[in-house]
Amino acid sequence: MATVELRFSALPEHVRTARLVAAAVARRAGVDEAVLDEVRLAVGEACSRAVGLHESHDIAAPVRVLLIEDEKKFSIEVGDGVPGPGGAGAQGSAQAEGVAESDGEGEDEMGLAVISGLVDDVEVTAGKEGGMIRMTWPTTTAAVLP
């Protein structure tokens, strides 16, 4: 199992870099070329969501991206530093703060809906260390690169 780890400051300008790295690693892992645009878009949504959560909760920790190549699948985990339950920690604190956070919550749900539309296998979790979106794609057998 090969893993690439990427950490970046929670700034919107770094999301593009994460998308490019994810697409390159996915290609090398053997993800079908026809799916690479979906990988880029899904990673962009997940990373933008994490950046937004970090900004709205004033978290200085970096956004974490793990690119995991298994024998028959390729997974990407995008982690934020917002602790707590409720879909990566956002919904619980949004409900607690009322109207001021309601617009951010809608954007958060929209981002998750877009990701779910792009990726068949998506898992969203939240815990004490923060939230995580795990997206998985099948790979072709034995991808060979020059």
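**Exercise 1.** In this predicted model, find how many residues the hairpin uses to join β2 to β3, and then work out in which sense β2 and β3 pair.

*Solution.* Begin at the connection, where a hairpin of three residues leads from β2 into β3. Next, look along the two strands themselves: β2 and β3 are paired in the antiparallel sense, and six bridges hold this pairing. As a single example to locate in the structure, leucine 67 has isoleucine 76 in β3 as its bridge partner.

**Exercise 2.** Identify the strand that seven bridges join to β3, and decide whether β3 is largely enclosed or largely open.

*Solution.* First, follow the bridges from β3 to strand β5, residues 130–138, and note that β3 and β5 run antiparallel with seven bridges between them. Within this pairing, valine 78 lies opposite isoleucine 133 of β5. Then turn to burial, for which the cut-off is a relative accessible area under 20%. Six of the seven residues of β3 are buried, and therefore β3 is largely enclosed by the rest of the structure.

**Exercise 3.** Test whether the span of helix α1, residues 15–29, agrees with the expected value, and find what covers its buried residues.

*Solution.* Start with the expectation: at 1.5 Å a residue, the 15 residues of α1 should span 21 Å, and the end C-alpha atoms are 21 Å apart, which agrees. Continue with the buried residues of α1, among them Val15, Ala18, Val25 and Ala29. The elements that cover the buried residues of α1 include β1 (2–8), α2 (36–56), β2 (63–69) and β3 (73–79). Finally, step just past the end of α1, where glycine 30 adopts a positive phi of about 105°.

Note on methods
Residues numbered from 1 in each chain as written. Predicted model: local features only at pLDDT ≥ 70, side-chain atom pairs only at ≥ 80, totals over all residues. Heavy atoms only, no water. Helix = DSSP H or I, 4+ residues; strand = E, 2+ residues; numbered from the N terminus. Expected span 1.5 Å × (residues − 1). Buried < 20%, exposed > 50% of the residue type's maximum accessible area, 1.4 Å probe, protein only. Contact = heavy atoms within 4.5 Å. Pairing = 2+ DSSP bridges.
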